[in-house]
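Hi,

Here is the structure I promised to send over. Have a look at it first, and then read on for my notes.

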Protein chains: 2
Amino acid sequence: MTKEIKQVPEPVLRRLPRYLQILHRMKEDGIREVSSTKIADELSLDPTQVRKDIEFTGIVGRPKTGFLIPELIQAIESFLNWDNINDAFLAGAGSLGTALMGYPNFKSYGLNIVAAFDNNPGKTDGLIRDIPVIHIDKLTDLAQRMHIHIGIITVPAPQANAVAAMMVEGGIKAIWNFAPVQLRVPEDIIVENVLLHAGLSVLKRKLGQVLKDQLQG
Amino acid sequence: MTKEIKQVPEPVLRRLPRYLQILHRMKEDGIREVSSTKIADELSLDPTQVRKDIEFTGIVGRPKTGFLIPELIQAIESFLNWDNINDAFLAGAGSLGTALMGYPNFKSYGLNIVAAFDNNPGKTDGLIRDIPVIHIDKLTDLAQRMHIHIGIITVPAPQANAVAAMMVEGGIKAIWNFAPVQLRVPEDIIVENVLLHAGLSVLKRKLGQVLKDQLQG
DNA sequence: TAGATTGTTAATCGATTAACAATC
DNA sequence: TAGATTGTTAATCGATTAACAATC
């Protein structure tokens, strides 16, 4: 059993990319240094929280001045493993899959979609956004031979688990799942779910409350 | 200042749709009753947590048997405001916007995209997925006149804040933001961010750890 | 009845926020 | 130096988990 020295809380991992977003903008504006106070202001967060998050990356700042922006960007991107490019397979060349294939920023996040898979013969053996689309039956074999570690699932919900099983059999270690389904995979497989309906629920519930309050004055 | 009787924690709002997912499947399978233990098992959650979450919806179960599935579904959907359909505007008729316009499930979540907006004249004045695409300049005026409350932002990051401003001016109260940008909007506007790079960061970081551990044995 | 489950209160856990000495 | 910020420890807050009487 591998003992993690210091588990990084997920909220930290989710905030760090937001820091990067504004750090890159500042860098483009020619700013050289930034304090955690400034970052916190921009994102409406607590300065102590920002400092603690940054601490996880191992970088040290300087009292009074703060952090050198290029150094900080480098530290966060390395910590998030963005400077290490991973090849990925995408299953489900529908409209969402196509949108992801065309998303230009993934490259800078270290994600490289090398092939897409679909069960529709009308789609396979062509290119979408310069990425080859292959029949889903070949996913497992190709994943094994190409040593792919990341799988992206954008198939309809009923097929998601079957696709996940193919990915696992092909040696894929981490699945980015866009289907609104609980995937049943071995414990050691990393699953990151994009639950659009969860976010929408939060939004609709809050909106419903606000509109109700307005009616009541 | 409106005092909320009982603020619902966001984690609760994010778990409830997952319950719905398996409840619908069970209902289709002809199952009539379910216990919180069963739901917890299916989703690898704590039974007490499930019971507490369900309690928020106001429904009462019966000892030994649990909850009647149709009643439970109804209670959760009503609590999440899904049975109340909201019209929405979508800004940015690119590939992601197109994917969302074609997403069939939104209707059952109570979201109805009535129009899309874009600044590309080649896209406007046509239909995408049966939804009219209109020039972005008309968004504010139309939102006002149609009393739209929800805006969906799928434009590129640099334009997101300008679009958000138009939406707010048009009276939109809640924004579902897919652009990786911190929106600057008035405090009373509800913003729900879909941060794809955050999820990807968690995935890549965990994968990096696992692969490193493997090398070290 | 016996037994599983609910509803609810108490204990635990972890993340956020506050406080403050050290530092450039 | 004076003052803002870092790094870090302590206090708070809220969510998760445990415990258990009530109930069908």
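Below is what I found, beginning with chain A and then going through the two DNA strands and a few single residues.

First, a caveat: this is a predicted model. For chain A the mean pLDDT is 94, and 97% of the residues in that chain reach 70 or more. The stretch to be wary of is residues 1-5 of chain A, where the pLDDT is below 50. Leaving aside near neighbours in sequence, that stretch has three contacts in the model.

**Chain A overall**

Chain A has 217 residues, and 50% of them count as buried. You will find eight helices and nine strands in this chain. Along the principal axes, its C-alpha atoms fill a box of roughly 60 × 55 × 40 Å. If you take the contacts in chain A with a separation of 6 or more, 56% of them are between residues 24 or more positions apart. The chain exposes about 10900 Å², with carbon and sulfur atoms supplying 51% of that area.

**DNA strand D**

There are 22 residues around DNA strand D, and the ones that come nearest are A:S36, A:R51, A:G61, B:R15 and B:Q49. So both chains show up in that list, as you can see from the letters. Which part of the strand faces the protein? Of the strand D atoms within 4 Å of the protein, 60% belong to sugar or phosphate, and the rest belong to bases.

Three polar contacts are worth pulling up on screen:

- The side chain of A:R51 has an N or O atom 2.7 Å from a base oxygen of DNA strand D.
- In the side chain of B:Q49, an N or O atom is 2.9 Å from a sugar or linking oxygen of strand D.
- A polar backbone atom of A:K64 is 3.1 Å from a sugar or linking oxygen of strand D.

As for the elements, those giving two or more residues to the surface near strand D are α3 (47-56) of chain A, plus α1 (10-28) and α3 (47-56) of chain B. The largest share, four residues, comes from α3(A). By class, the residues of this surface are six nonpolar, seven polar and nine charged.

**DNA strand C**

DNA strand C also has 22 residues around it, and here A:R15, A:Q49, B:S36, B:R51 and B:G61 come nearest. Sugar or phosphate accounts for 61% of the strand C atoms within 4 Å of the protein, with bases making up the rest.

Again, three contacts to look at:

- B:R51 places a polar side-chain atom 2.7 Å from a base oxygen of DNA strand C.
- A polar side-chain atom of A:R15 is 2.9 Å from a phosphate oxygen of strand C.
- B:G61 uses a polar backbone atom, which lies 2.7 Å from a phosphate oxygen of strand C.

Which element gives the most to the surface near DNA strand C? That is α3(B), with four residues. At least two residues each are supplied by α1 (10-28) and α3 of chain A and by α3 of chain B. The surface near strand C has six nonpolar, seven polar and nine charged residues.

**Loop residues to check**

A:K64, mentioned above for its backbone contact with strand D, is found in the loop between α3 and β2 of chain A. Its phi is positive, about 75 degrees, although A:K64 is not a glycine. Most residues other than glycine have a negative phi. Is A:K64 buried or exposed? A:K64 counts as exposed because its relative accessible area is 87%, and the cut-off is over 50%.

B:S44 is another non-glycine residue with a positive phi, about 55 degrees. You will find B:S44 in the loop between α2 (36-43) and α3 of chain B. With a relative accessible area of 59%, B:S44 is exposed.

Finally, A:I59 lies in the loop between α3 and β2 (67-68) of chain A. A:I59 has a relative accessible area of 14%, which is under the 20% cut-off, so this residue counts as buried. What does A:I59 touch, not counting residues up to four places away in sequence? The list is A:I54, A:F67, A:E71, A:L72 and A:A75. As for A:A75, that residue is 16 residues from A:I59 in sequence, and the two are 6.5 Å apart in space, C-alpha to C-alpha.

Happy browsing!

Definitions and conventions. Residues are numbered from 1 along each chain as its sequence is written. Chains are lettered from A and ligands numbered from 1 in the order in which they are written. This is a predicted model: local features need pLDDT of at least 70, side-chain atom pairs count only at pLDDT 80 or more; totals for chains, interfaces and linings use all residues. Side-chain values use heavy atoms; hydrogens and water are left out. A residue is near a molecule or strand if one of its heavy atoms lies within 4 Å of it. A polar contact is a pair of N or O atoms within 3.5 Å; within protein, one must be able to donate a hydrogen and the other to accept it, and residues adjacent in sequence count only if both atoms are side-chain atoms. Ala, Val, Leu, Ile, Met, Phe, Trp, Tyr, Cys and Pro count as nonpolar, Asp, Glu, Lys and Arg as charged, and the others, Gly among them, as polar. pLDDT is the predictor's confidence in each residue, from 0 to 100. Contact means heavy atoms within 4.5 Å. Buried means under 20% relative accessible area, exposed over 50%, partly exposed in between (1.4 Å probe, protein chains only). Accessible areas come from the Shrake-Rupley method with a 1.4 Å probe; for residues, only the protein chains shown count as cover.
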